[in-house]
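Grab a viewer and work through a few exercises on empty space and helix packing. Try each task yourself before reading the solution under it.

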Amino acid sequence: MEAIRQRIENQIMGVTGMALGGIDYEQPPGDPGLFGPQSVCWRVHSDFTSMLCGGISSLMLQMLHPLALAGVWDHSNFRDDMLGRLRRTSQFIAATTFASTADAERLIDRVRRIHDEVAGVAPDGRPYTANDPDLLTWVHVAEVSRFLAAHLRYRNPDLSVADQDRYYAEVARIAEALGARDVPRTRGDTDAYLEAMRPQLRFDVRTAEVFRLLIGAPPPHPLARPLVALAMRAGVDLLPLWAAEMAHRDMPRWQRHTVRAGVHRLVPVMRWSVRNGASSRARRRVAGATTMAAESPRADDRT
């Protein structure tokens with residue numbers, strides 16, 4: 001049974017990006033990171049199922065912005081490795097949420113440097129840069145709004161409005177560190193922002209191609225194919241209704257019910273399998289200082 005659990009965990013981590021190296025979530029002992037275990041974002045970002053579905057949905061929503069799409073189209077290898085973008089995004093979210101303060105800040109600085117190199121001209125003639133403060137705000141809001149939507153659907157539908165507001169206020173710190181401006185910090189402001197952005201969004205031939213490649217992306221292992229296929233459909237289902245209609249991906253009610261039921265059936269397996277994710281390792285790191293203090297000999301014991 002343990003071998004089966006480990007095998008499933010490895011497949012999940014391969015899909016979500018947790019298998020990517022470079023971050024030791026268990027060091028240094030006692031470091032709470034940027035937020036700490038009492039934060040709402042630790043709760044929201046610690047559930048693999050909802051984060052996987054929300055992450056896919058966020059990529060779809062982001063690509064409705066012509067300038068965000070242009071940056072991906074011109075400066076990434078998404079055609080060959082669409083899931084790679086999801087994995088890299090997952091690692092960034094995990095690290096900025098759960099890693100030590102130094103590791104999180106190092107990764108933010110690294111992404112800022114990468115953004116400095118991403119610039120071009122969109123098909124409509126508008127210049128774009130990845131470090132455009134308004135574009136960074138769009139990418140951030142599209143992302144975290146889908147994470148929270150997935151959490152409410154698949155993890156805790158009773159999360160209070162106050163805690164939802166706390167979530168948006170907490171994660172705004174990351175967006176602002178990357179250079180975003182006027183970042184919504186409440187549920188109401190986020191909903192208003194998404195509604196205000198609708199006139200700027202488009203679904204054209206290139207957007208359709210990105211959707212096609214994302215939904216049809218091959219999983220890292222054949223055994224993960226059912227998981228990826230279901231997560232893709234759940235990602236579509238998590239889009240705002242107007243966004244799904246814009247992308248010609250709206251689902252009838254019976255299909256939405258089937259997708260949601262499928263994810264809910266998958267949830268116990270996912271939670272049983274994943275025992276060594278970023279949040280678990282981070283909790284061991286935070287607890288490490290207490291453990292070390294308890295194990296350290298007292299001064300009078302050393303005399």
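The exercises below deal with a predicted model.

**Exercise 1. Find the largest pocket and say what its lining is made of.**

Step 1: start with the volume. The largest pocket holds about 1100 Å³ of space.

Step 2: go to the middle. There are 41 lining residues, and the closest to the pocket centre are Arg85, Thr89, Val111, Ile114 and His115.

Step 3: see which helices take part. α3 (48-62), α4 (66-75), α5 (82-98), α6 (101-116), α7 (133-154) and α8 (161-178) each bring at least two residues to the lining. The top contributor is α5, with 8 residues.

Step 4: sort the lining by class. You should get 24 nonpolar, 13 polar and 4 charged residues.

**Exercise 2. Work out how α7 and α8 are arranged and which residues they use to meet.**

Step 1: take the geometry. The angle between α7 and α8 is about 150°, and their axes are 10 Å apart.

Step 2: turn the angle into a word. Angles over 145 degrees count as roughly antiparallel, so α7 is roughly antiparallel to α8. The crossing of the pair is right-handed.

Step 3: list the partners. From α7 come Leu136, His140, Val144, Ser145, Phe147, Leu148 and Leu152, and they meet Gln164, Tyr167, Tyr168, Val171, Ala172, Ala175 and Leu178 of α8. By class, this contact has 11 nonpolar, 3 polar and no charged residues.

**Exercise 3. Count the cavities of 30 Å³ or more, then describe the second largest.**

Step 1: the count is 3 cavities at that cut-off.

Step 2: the second largest cavity has a volume of about 50 Å³. Its lining consists of Leu59, Met60, Met63, Val72, Phe78, Met82, Arg85, Val210 and Leu214.

Step 3: map these onto helices. Two or more lining residues come from each of α3, α5 and α10 (205-215).

Step 4: check the classes. The lining of this cavity has 8 nonpolar residues, no polar ones and 1 charged.

**Exercise 4. Describe how α3 packs against α5 and against α11.**

Step 1: begin with α5. α3 and α5 pack at about 115°, with axes 10 Å apart, in a right-handed crossing.

Step 2: pick out the contact. Met51, Leu52, Gly55, Ile56, Leu59 and Gln62 of α3 meet Arg85, Leu86 and Ile93 of α5. That contact divides into 6 nonpolar, 2 polar and 1 charged residues.

Step 3: move to α11 (residues 225-238), which packs on α3 at an angle of about 60° with the axes 8 Å apart. The two helices are therefore oblique to each other, and α3 passes α11 in a right-handed crossing.

Step 4: list this contact too. Leu52, Cys53, Gly54, Ile56, Ser57 and Met60 in α3 touch Leu227, Ala231, Met232, Ala234, Gly235, Val236 and Leu238 in α11. Here the classes are 10 nonpolar, 3 polar and no charged.

**Exercise 5. Look at the backbone at Pro28 and Asp182, and place each in its loop.**

Step 1: check omega. The peptide bond from Gln27 to Pro28 is cis, with omega near -5°. Pro28 sits in the loop between α1 (2-16) and α2 (40-45).

Step 2: check phi. Asp182 is not a glycine, yet its phi is positive, at about 50°. You'll find Asp182 in the loop between α8 and α9 (187-197).

How values were computed: Residues numbered from 1 in each chain as written. Predicted model: local features only at pLDDT ≥ 70, side-chain atom pairs only at ≥ 80, totals over all residues. Heavy atoms only, no water. 1 Å grid on protein atoms, 1.4 Å probe; cavity = no way out; pocket = protein on both sides within 12 Å on 5 of 7 lines; lining within 4 Å. Points joined across faces, edges and corners; volume = space filled by probe spheres on them. Helix = DSSP H or I, 4+ residues; strand = E, 2+ residues; numbered from the N terminus. Nonpolar A, V, L, I, M, F, W, Y, C, P; charged D, E, K, R; others polar. Axes fitted to C-alpha atoms, helices over the stretch in contact; angles between N-to-C directions. Parallel < 35°, antiparallel > 145°, perpendicular 65-115°, else oblique. Left-handed = near helix turned anticlockwise from the far one by under 90°. Contact = heavy atoms within 4.5 Å.
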